[in-house]
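Visitor: Please take me closely through a single part of this structure, beginning with one residue and its surroundings. I should then like to see how the account extends to the other strands and helices.

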Amino acid sequence: MHFLYILFAIVFGAGLSYFYFASQSRKALELQKNAKAEAEAILEKARKEAEEQKKIKLLEAENEAHKRKIEGERELKQRSIELQKLERRLIQREEHLARKLESVEQKEKRLQEKEQEVARLREELQQIRVQEIQKLESLAGLTADEAKTMLLKNLENELRHEKALLIRKVEQETKQDLENRTREIIVNAIQRYTADHTAEATVSIVPLPNDEMKGRIIGKEGRNVRMLEQLTGIDLIIDDTPETVIISGFDPVRREIARLALEKLILDGRIHPARIEEMVEKARREVEERVREEGEQAVFEAGVHGIHPDLVRVLGRLKYRTSYGQNVLKHSIEVAHLAGLMAAELGLDVALAKRGGLLHDVGKAVTHEVEGSHVEIGVDLARKYKEHPIVINAIGAHHGDIEYTSPISVLVGAADALSAARPGARRESLDVYLKRLERLEQIACSFEGVDKSYAIQAGREIRIIVKPEQVDDAESIRVAKEISKRIEGELDYPGQIKVTVIRETRAVEYAK
C-alpha cells in the first residue's frame with residue numbers, strides 16, 4: 001500500500017510539473033513575440049526619426065550654402081569697389097609724378113642756366129684778379145713769385161718759432177709729470193715707512209686735562225711712554241706745549257691706535273705698563289673693527305659684492321690714508337662710481353668696472369713691511385684673493401705700469417685721473433677752476449664770427465662753434481691759432497689746452 005501511495009505521488013508530481021513547465025513555455029513564447037514586435041516598432045520609429053533629421057540637415061545645409069553664396073557675392077562686390085578706388089589713386093599718382101617730373105626738368109634747366117652764369121662770373125673774376133695782381137705788383141715793386149717767396153720765408157720763421165715754443169712746452173710738461181710722479185712716490189714711501197722727521201699729515205694731537213697728566217704719561221724714568229711707543233710703534237712728543245701730547249708716526253692705523261689708547265688711559269687715570277698694554281690691545285681691536293666696518297661700508301656704497309672678507313679689511317685701512325690731501329678710501333669709491341657710469345654708457349660690464357675702481361689703490365693700505373710699489377702690492381693682493389683677471393689688470397695698469405688688456409682697465413685709469421683732477425679734489429680750489437673756465441669761454445666768444453664756445457674736459461679743451469656764413473674753412477684755422485695765442489698770453493693753467501674750432505654747414509630741403 002505504501003508503495004502505491006508513493007507511486008501515485010510520483011505520478012501526480014510529474015503531471016503537475018509537466019503542466020507547470022508547459023504553462024511557463026507558453027508564457028515565454030508570448031513574451032518573446034511581444035518583445036520582437038516592440039523592437040520592430042522601435043526600429044520603425046527610429047527610421048522615421050532618422051529620415052526626418054536627414055531632411056532637416058539637408059535644409060540647413062542648403063540654407064548655409066545660400067548664405068555663403070550671398071556673402072561671397074557681397075565680398076566680391078566690395079573688392080571690386082576697392083580695386084576701382086586703387087586704380088583711381090594710381091592714376092592720380094601718375095599724374096602727380098608727371099607734374100613733378102616736369103617741375104624737376106624746369107629746375108634742372110634753370111640750374112644749368114645758373115651754372116653757365118657762374119662760369120661766366122668766375123671767368124670775369126679771374127680776369128679782375130689778374131688785373132689786381134698786376135696793379136699790386138706795379139705798386140709793390142715785386143712780382144707775384146717774389147712776394148710768395150717773401151711770404152713763405154716769413155711763414156717759415158714763424159713756424160720755426162712756434163716749433164721752439166712747442167718743444168719747450170713739451171719739455172716743461174714732461175718735467176712737471178716727472179715732478180708729480182716723484183712727489184707721489186715720495187709721499188707714498190713716507191706714509192708707508194717710519195722716519196725721524198714729521199709732517200702735518202703724519203701727526204695727531206691729544207689734548208690733556210692738565211699739565212700734571214704729562215708726568216703720569218711719562219711715568220717713572222719714562223717707562224710708561226716707552227711701553228706705549230713699544231706697543232704701538234709710534235713716537236710720543238711731550239714738550240713744552242701746554243696740555244697737549246703729539247703722536248707722530250707715518251702709519252696712520254698705528255697712529256690711530258695710539259691716539260685711542262692714550263685717550264682711554266687719560267680718561268681712566270690709571271697709567272702703568274699693565275694698564276697701557278690692556279688699553280692698547282683694546283684700542284687695536286676697536287680700530288680693527290672700525291677698519292672692517294669702513295671696508296664693508298665702502299663695498300656697500302660702491303655696490304660691489306663678493307669681495308673676500310680679508311680684502312675688505314685691507315680696503316678699510318684706506319680710511320686712514322691720504323694722497324695729496326685726498327682721502328684714499330673716498331677716492332676709491334669715487335673711482336668705482338665713475339668707472340661704473342662710463343662702463344654703463346659704453347655697454348660694458350658695470351660690476352667689473354666698479355670692482356676694479358674700488359680696488360685699484362688697495363696696495364696703498366699695506367704697510368712698509370711689504371716691498372714694492374702700491375700697484376705691485378695691489379696686484380699681489382688681488383691674485384691672492386682670486387680676483388677677476390680684468391680687475392687685476394685694472395689695478396696694475398691704472399698708472400701705466402703694464403699694458404691694458406681690457407676696455408674696463410682703460411676706464412678705471414680714466415676714472416682715477418678724473419677723480420684726482422676734478423675741482424677741489426686735491427689742490428686747485430673750485431672758485432679758481434670756475435673762473436678759469438669762464439675766462440676761456442669769454443676769450444673765445446670775443447672773436448668775430450664765433451657763435452658759441454664750451455670749455456670741456458675740466459678746462460683742458462675748448463670747443464668753438466663759428467658761424468659758417470662768416471668764417472670759412474681757411475679762416476677757422478686762423479681763428480683757432482689766434483685764440484690759442486691769446487689764451488697763452490692771458491691765462492695761467494696746468495698742462496695744455498686744446499682749441500677746437502667747429503664749422504658746420506647744413507643743407508635743408510622739404511619733401512612736399
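Guide: The residue to begin with is Val206, which is part of strand 1 (residues 203-207). The model is a predicted one, and everything that follows is computed from it. Val206 has a relative accessible area of 1%; since the limit for a buried residue is under 20%, Val206 counts as buried. Leaving aside residues up to four places away in sequence, the contacts of Val206 are Glu243, Thr244, Val245, Ile247, Arg259, Leu262, Glu263 and Ile266. One of these partners, Ile247, lies 41 residues from Val206 along the chain, with 7.5 Å between the two C-alpha atoms.

The partners of Val206 include Thr244, Val245 and Ile247, and these numbers lead to strand 3, which spans residues 244-248. Strand 3 is largely enclosed by the rest of the structure, because four of its five residues are buried. Strand 3 also runs antiparallel to strand 2 (residues 235-237), to which it is joined by three bridges. In this pairing, Ile246 of strand 3 faces Ile237.

For the wider setting, the protein has 14 helices and eight strands. Of its 512 residues, 28% are buried. Among contacts with a separation of 6 or more, 62% are between residues 24 or more positions apart.

Burial can also be followed into the helices. In helix 7 (residues 309-316), the buried residues are Leu311, Val312, Val314, Leu315 and Gly316. They pack against helix 6 (273-302), helix 8, helix 9 and helix 10 (374-384).

Two of those neighbours, helix 8 (residues 328-346) and helix 9 (residues 350-359), also pack against each other, at an angle of about 155° and with 7 Å between their axes. Angles over 145 degrees count as roughly antiparallel, and helix 8 and helix 9 are therefore placed in that class. Their crossing is right-handed. On the side of helix 8, the contact is made by Ser332, Ile333, Val335, Ala336, Ala339, Gly340, Ala343 and Ala344, and on the side of helix 9 by Val350, Ala353, Lys354, Gly357 and Leu358. Sorted by class, this contact has nine nonpolar, three polar and one charged residues.

A further region to consider is an open sheet of three strands, in the order 6-7-8 and with mixed pairing. Strand 6 (450-456) and strand 8 (498-503) form the edges, each pairing on one side only. Direction ignored, neighbouring strands of the sheet are turned by 20° against each other on average.

The mixed pairing can be traced strand by strand. Six bridges link strand 6 with strand 7 (residues 461-466) in the antiparallel sense. Here Tyr454 has Arg463 of strand 7 as its bridge partner, while Ile456 is opposite Glu461. Strand 7 and strand 8 run parallel and are also joined by six bridges. In this second pairing, Arg463 has Thr500 of strand 8 as its bridge partner. Finally, helix 14 (residues 473-490) lies across strand 7 and strand 8, and its direction is at about 155° to strand 8.

Methods. Residues numbered from 1 in each chain as written. Predicted model: local features only at pLDDT ≥ 70, side-chain atom pairs only at ≥ 80, totals over all residues. Heavy atoms only, no water. Pairing = 2+ DSSP bridges. Helix = DSSP H or I, 4+ residues; strand = E, 2+ residues; numbered from the N terminus. Axes fitted to C-alpha atoms, helices over the stretch in contact; angles between N-to-C directions. Contact = heavy atoms within 4.5 Å. Buried < 20%, exposed > 50% of the residue type's maximum accessible area, 1.4 Å probe, protein only. Parallel < 35°, antiparallel > 145°, perpendicular 65-115°, else oblique. Left-handed = near helix turned anticlockwise from the far one by under 90°. Nonpolar A, V, L, I, M, F, W, Y, C, P; charged D, E, K, R; others polar.
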